Amino acid sequence: MSNGARRMRGLAALTGIAALGLAACSGGDEAPANGEHDEVTLEFTQWWEPELPDGEFRALIDRFEEENPGITVELLSGPYAATREQVVAGAAAGTMSDVVGLDGAWVNDFAQQGSIADLSQIMSEAGYDDSQILSQVQVDGATYMIPVVNFVYPMFTNDEMLAEAGVDAPPSTRSEFVQAAEQVTALGDNRYGWVLPLSLETPNGIQNDVMSWVWASGGSMLTDAGQPALVDNDAVTSAVEHVQQLWDAGAVAPGAFTMKEQDKVEEFTNERVAMMISSLAHVNLIREQNPDLDFSIAAIPAEDGYTGERGIPFASWGIGISANSEHPQEAWKLVEFLMSESVNAELASMANAFPGNSDSVPDFVSEDELFGAAFEIYQAGYPANEFTGLPVAEQLMRSFSEELQKALDGQQSLVDALQAAQSRWEEEF
Amino acid sequence: MSAVTYPHGATAPRTRPRRLGRRLALLLGLVAGACFSALPVLWMLSSSFKRNSEIFAFPPRLVTENFSFDAYLAILTDPVKLRFFLNSYVIALSVTLLTLVVAVHAAYAFSRYDFWGKKVINVIVVSVQAVPPITLLIPYFGLMVALGLYNTYPGLIFTYMVFTLPYAIIMMTGYFNTLPRELDEAVRVDGAGAMTALWRILVPISVPGLVSVGVYTFMIAWNEFLFALTLTRTEDMRTVPIGIQLLMGQHSYDWNQMMAMSILGCIPVLALFLFFQRYFISGMTAGAVKI
Amino acid sequence: MTTTQPDAGTRPTPAASGRSRSMSRLRQRLAPYGFLSPTGVLLAVLMVTPILMVIWYSLFDRAITRPSTQLVGFDNYLEVLSDDVFWVAVRNTLVFTSSSVIAHFVLGLAFALMLNSELLSPRTRAAFRVLYILPWLFTVAITAVLWRLILNPNGVVNYLLGVLGLGSGQVEWLSSPSTALAAVTFINIWSGYPFFMVSLLAGLQGIPKDLYEAATVDGAGPWQRFVNVTIPHLWPIILSMALLDFIWTTQQFALIWMTTGGGPINATEMLSTFIYKIAFTEYDFSVASAAAVIVLLLSMVMAVFYVRHQKARN
């Protein structure tokens, strides 16, 4: 028999196997088969472990294993930037782990793919009282992700630089902000008032640094029905004009179009920028890298004359369960554990984030002045991130960023930019 | 610098001043090229000795006052990271050896035989690399899972072989094509098989080609990230590029450790290269066969 | 040294009887397939199968990301070809790839010639060889991060330009729509030239010295020797490498993604980033697969030309 014919048969057989392997997405799990009912191994894919102090997350999980004999948890850590692709690929190939760390921006799409489980159902089956959970991310009325800890994004100000520029206190209204930014930039010597990361690779700058202005003044970028509302929306228009004003005044640090969040923090830490909207997770980082930096935390300035509650943007470490997990009950136990009052507080302290359990209070709140201040702002306002749960949320941010970049670059007017963004968003809804 | 032998044995003294001028020009060119290629690496090296806070400082400094080996120590004392290095080397070396062996056979077929489907197979071999890996990722991943190669050394090794074989085959075919058929046919006439002709005659002469293909293959396997990440699950199978990206966190990057890991990774590779590069100048075919 | 036609069949071994002659002829006919079988199996299983699956996906609607899909034929292809951004990506990719390949070739050849020169001692050449191969040693993530640091508005390059008085000091190399594509191309040239250099260096070893001797005797100067001896000999290698480099550079994704993300605006949008975004941020694998197949077809056209050219040469 010729090699050619042999190869053909082999190819056909393998294609068949591959097709079957992909089609039978249910339960093609890589976890070792569990014969007895008692011994269960859960896999937990996340990017949290490398970001937390060495060994602490594992210790927390070990406690879970002690409290739940018969369940072992295998932590699979991967780089954050690649997590989403890995989850999609894992879901498609049937190797997704039982429990997955999720970002709010991915939920809608994973729910549509059918890769993550309906948590509302699991919760009701387990008889779980979800009143303690601060927020749940839902699609079509069912919960798919629970934020475990929330990283809020208040405004950081370099008080020393502000004082040098003649600004006594962190600005609390937009016009104060503009004035402060201009005064700082007037200092010269490579110093700027504000920093705006508009990178298209990770476009969360739109969420944290642009739309946050809308939410800080109680506005919304969506209609009541959850549809995009970027045109004829005063809140959005004024926020974007505010950004344009800062840009035209030259108060924004250079490199904005490809700047990422990590670079933004470095600019602040190196005292080249006086004010930034950033995650609380950076507080300790700034302290470590520049102990002499005199900075404080304040609420994002609102529109002049606004006295209502201020929305504060946040990003979460969310958790979900794979739709094809062989052990949904045990997986839920892990979620429950991480959401329980004391554990959640501990995890929040480890991560320098705010707890997803409404009763938890992380210890840094009472121990640390800055965090205490942030917690007060958090409680005085409301967490606001309208991108969570939207379809292709990251792409929405990206298309908005592209249109905004065109406007800032002078290629189109703001009105046109908003219009273009609106039509691009409507395509996705 | 040792004395240079002039190939023709021509009289050196007459041309010495011109040779000196040319040597100087050459050195200048080499130094300029070295600046282009090595200065960024110098920056990488300098960053690995800095504290994270100094990486973005302005004005930038080559050596800062907080010069320390902390980043290197952090990596060298972490067994997880050391395992990444081990995995990378094992996989890259295996891929290199296997690719060379397989490619040499295929190149022999393309170079010395004419057969049905030769052109078609040639086109396929070249153009299979044209599909963007990111679209191949999911079907490929499903395939590997179905074959039971998920999270194994062979999984990654075969994957990288698929990436490197086309170039290896083309290069070795080109090499064999420049070697006259009389060489191996002489051996065949004496009754030796095709394999003997290949391994006893052609391969030893093609050493520079083999080394260049080997170097290229090693680099591809060494630096690849996407499939390494997707096809491995546990820390004990992951490779250096993944280790580096694990240091790129959601909130901040561990700049100095990233640079240090990169430098540490490439030192043994450079050593290997230094060892093998003598074969670049063996010039074995030069004048070896005169017809 | 003359090269004989490699396409002529091998001389048949002397056989005693007719039957053994046809047996050995059959074995000879099958021999090349035997030599090709490891390659064939590997590529067929691990490359052709996924590619067929990609083509399969491209004919459906929203494969993978929706539980139920349906056959839509060539709709996805039309969607790709009618997208303006696709054509921007094509243009950028052509510019990026052509410049990279040409620069890789020029630099690779220049360095290879310098490193091959007899004017310097082997030790000097070895030292420079090591320096020249450095860009190849690093994974894309590090190259991207490193160059982002170097080209940062407050990075080394701007600092040096300022010190030397050559620039305003705050050029946004990667963030400005006017310089981003050039900057990214430069980074790609830096990280990829060793491929040409190493292959050409090996190729240079294969040129017999007596050809140069003969040329010198005929009165040819260095440039003529280069054009008439070196280039013709290296030409097959150069062509293969140019083709392969072209194909690989069109696949270059991570470098662009990690330095500029396809931005600013879409100044560095390439086919690879375009496809990635469709696949993993719009979760539309079918359209992404369609785009991938289009790229494959374009490359196949080039591959066919290349193979024809090789045949003609031989």
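## A walk from one loop in chain A to the helices of chains B and C

Let's start in chain A, where A:D292 is found in the loop between α11 (283–289) and β9 (295–298). Bear in mind that you are looking at a predicted model.

Is A:D292 buried or exposed? With a relative accessible area of 65%, A:D292 is exposed, because anything over 50% counts as exposed. A:D292 also has company: together with A:E160, A:E271 and A:D294, A:D292 forms a negative surface patch.

Now move over to chain C. Here you'll find 12 helices and zero strands, so reading along the sequence just gives you α-α-α-α-α-α-α-α-α-α-α-α. How spread out is chain C? Its radius of gyration is 25 Å, whereas the globule rule gives 20 Å for 314 residues, so chain C is more spread out than a compact globule. If you want a feel for its extent, the C-alpha trace of chain C spans about 75 × 65 × 30 Å along its principal axes. As for burial, 57% of the 314 residues in chain C are buried.

Chain B comes next. Its count is 12 helices and zero strands, and its pattern along the sequence reads α-α-α-α-α-α-α-α-α-α-α-α. The radius of gyration of chain B is 24 Å, while a compact globule of 291 residues would have one near 19 Å. Taken along the principal axes, the box filled by the C-alpha atoms of chain B is roughly 70 × 70 × 30 Å. Of the 291 residues in chain B, 61% count as buried.

Methods. Residues numbered from 1 in each chain as written. Chains lettered and ligands numbered in written order. Predicted model: local features only at pLDDT ≥ 70, side-chain atom pairs only at ≥ 80, totals over all residues. Heavy atoms only, no water. Patch = residues over 30% accessible without salt bridge, like charges linked within 9 Å, V, L, I, M, F, W, Y side chains within 5 Å. Areas by Shrake-Rupley, 256 points an atom, 1.4 Å probe, with all protein chains shown as cover. Salt bridge = Lys/Arg side-chain N within 4 Å of Asp/Glu carboxyl O. Lys, Arg positive; Asp, Glu negative; His and termini not counted. Charge placed at Lys NZ, Arg CZ, Asp CG, Glu CD. Helix = DSSP H or I, 4+ residues; strand = E, 2+ residues; numbered from the N terminus. Buried < 20%, exposed > 50% of the residue type's maximum accessible area, 1.4 Å probe, protein only. Rg over C-alpha atoms; globule rule 2.2 N^0.38 Å.
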